[in-house]
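Okay, thanks for coming, everyone. I'll put the structure up and then walk through it piece by piece.

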Amino acid sequence: MSNSELGRNRPTVLVVDDSAFMRKLVSEVVESTGEFRVIGTARDGQDALRQVAALNPDLVTLDVDMPSLDGLAALEFIMRDHPRPVVMLSAGSTESGADATLRALERGAVEFVRKPSGAISLDLDVVAEQLLQALRAAVGVVVATHPVLASGHLPAPPRPAPMQVPLAGPPSRVVCIAASTGGPAALAQLLPSLPAWSDTAVLIVQHMPPGFTQSFARRLDAASALTVHEAVDGEPLRAGHAYVAPGGRHLRVQGPREVPSLVLGDDASLWGVRPAADHLFTSAAHVFGAQALGVVLTGMGRDGAEGLRAIRERGGRGVVQDHATSVVAGMPEAALRLAGSDAVAPLGAMAQVIGAQVAALDARVALRESA
């Protein structure tokens, strides 16, 4: 096969950024390994829409903060009119910037990469591999038209009415959730459908860099019956609460089981990520044993597989997201191969399946006690 034929077979990428310098840097990173071909560049959202229609790229890298039509608005038009995998590039240096990035993920972007030093990042090479990994994940994603309005506004989901329960005490069981690529959108759909259990806490590891998880937790909290917030080192675990691992820090549970608490750690990355779900799941297995449920959602890689095996070996239960509804099925499929599961569920049915598995934890314990 000739070099020209090889070039034609590479996935094509449209690079969108309002800085000519950043367009050049991003293009160089994208083409650095020979896996991708930059088919064109665009200077803002309006230009991006014209280029997507004219060039029909396989993938788009889209800057969040741009004049005229910004990245979020451009994404909504792309997902409505010309759906395809989009990787966001975000400066993410302010709360509003982080919030815009999270809204992009909820609206169909496959992944985001944080520019290491703001809008003009001379050191883009620091995140070059992360960008390439995001593009590799995006290649295998099948994107359907996303139901957003051309106005750029999505109605906020109503916050469910909280259950009338006594002041939250320590949980008797935990639900641990792992997610990566595609996870923010999946969790935005799942968490609002879960009840504010009076005896269960939820712990979440979403692979995400520092500076985004606090806004992410706040957005989940606004739509959920559960009280959702970013985990704090040393805080007691409470039923009816959901805790999001801070970006860049591992999250674990420590005993005793009667008064469990959270521990944040800065130890080395695992599987190239921090936080890592395997650390959370394994610690939950040790503290809660047969009263732990592990859930592995969409994501690239194998994080969560070892931890799910630890939970199931201790008598707990496991659920994995099915292939069809996973943006990237690497994590759930790795977990299924290594640990097995008690259920494989599509995202739309995940809340119902989790509820049934939480009930099954009690049934399993009651059966053992009566034996």
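Find Thr12 in strand 1 and look across: the residue opposite Thr12 is Arg37, over in strand 2. This is a predicted model, by the way, so keep that in mind throughout. Those two strands, strand 1 and strand 2 (residues 37-42), run parallel and are joined by five bridges. To get from one to the other you go through helix 2, residues 20-31, and the three pieces together make a right-handed β-α-β unit.

Now, strand 1 has another neighbour. Strand 3, residues 59-63, also runs parallel to strand 1, with four bridges between them. If you want a landmark there, Val15 sits opposite Thr61 of strand 3.

So is strand 1 buried or exposed? Five of the five residues, 12-16, are buried, so the strand is largely enclosed by the rest of the structure. In a regular strand, side chains alternate between the two faces of the sheet. Here both faces are covered: Thr12, Leu14 and Val16 are buried on one side, and Val13 and Val15 are buried on the other.

Let's keep walking across. Strand 3 pairs with strand 4 (86-90), again in parallel, through four bridges. Leu62 is opposite Met88 in that pairing. Met88 also has a partner on its other strand neighbour, since it stands opposite Phe112 in strand 5. Strands 4 and 5 are parallel too, with four bridges.

Strand 4 is mostly covered, with five of its five residues buried. Val86, Met88 and Ser90 are buried on one side, Val87 and Leu89 on the other.

Between strand 3 and strand 4 you pass through helix 4, and that trio is a right-handed β-α-β unit as well. Helix 4 covers residues 71-81, and its buried residues are Gly71, Leu72, Ala74, Leu75, Glu76, Ile78 and Met79. What do they pack against? Helix 3, strand 3, strand 4 and helix 5. If you zoom in on the N-terminal end of helix 4, Asp70 caps it, with a side-chain oxygen 3.2 Å from the backbone nitrogen of Leu72.

Okay, charges. The count comes to 19 salt bridges. I'll show you three of them and a network.

The pair I'd click on is Asp63 with Lys115, where the closest N and O atoms are 3.1 Å apart. Asp63 is in strand 3 and Lys115 is in the loop between strand 5 and helix 6, so this pair ties together parts that are 52 residues apart in sequence. Both partners, Asp63 and Lys115, are buried.

Then there's Arg252 with Asp267, at 2.9 Å between the closest N and O atoms. Arg252 is in strand 10 and Asp267 is in the loop between strand 11 and helix 9, 15 residues apart. Arg252 has 23% relative accessibility, so it counts as partly exposed. Asp267 is at 31%, and that is partly exposed as well.

The third is Asp342 with Arg312, 3.3 Å from N to O. Asp342 sits in the loop between helix 11 and strand 14, while Arg312 is in helix 10, 30 residues apart. Asp342, at 26% relative accessibility, is partly exposed, and Arg312 is partly exposed with 27%. As for the network, Asp99, Arg103, Glu106 and Arg219 are joined by salt bridges that share partners.

On to the greasy part. In soluble globular proteins, nonpolar side chains tend to be buried together. In this model the largest nonpolar core has 57 residues, and Ile177, Leu191 and Ile354 have the most contacts inside it. Which helix gives the most to this core? Helix 12, residues 350-370, with six residues. There's a second, separate core of 32 residues, including Ala277, Leu308, Met331 and Ala335.

Go back to Leu191 for a moment. Leaving aside residues up to four places away in sequence, Leu191 touches Ile177, Ile204, Leu220, Ser224, Leu226, Val228 and Ala242.

Last, zoom all the way out. The protein has twelve helices and 14 strands, and buried residues make up 54% of its 371 residues. Taking contacts between residues at least 6 apart in sequence, 74% of them join residues at least 24 apart. That's my tour, so over to you.

Note on methods:
Residues are numbered from 1 along each chain as its sequence is written. This is a predicted model: local features need pLDDT of at least 70, side-chain atom pairs count only at pLDDT 80 or more; totals for chains, interfaces and linings use all residues. Side-chain values use heavy atoms; hydrogens and water are left out. A nonpolar core is a set of buried Ala, Val, Leu, Ile, Met, Phe, Trp, Tyr and Cys residues joined through side-chain atoms within 4.5 Å. Buried means under 20% relative accessible area, exposed over 50%, partly exposed in between (1.4 Å probe, protein chains only). Contact means heavy atoms within 4.5 Å. Two strands pair if DSSP finds at least two bridges between them. A crossover is right-handed if, with the strands pointing away from the viewer, the path from the first strand over the helix to the second runs clockwise. A polar contact is a pair of N or O atoms within 3.5 Å; within protein, one must be able to donate a hydrogen and the other to accept it, and residues adjacent in sequence count only if both atoms are side-chain atoms. A salt bridge is a side-chain nitrogen of Lys or Arg within 4 Å of a carboxyl oxygen of Asp or Glu.
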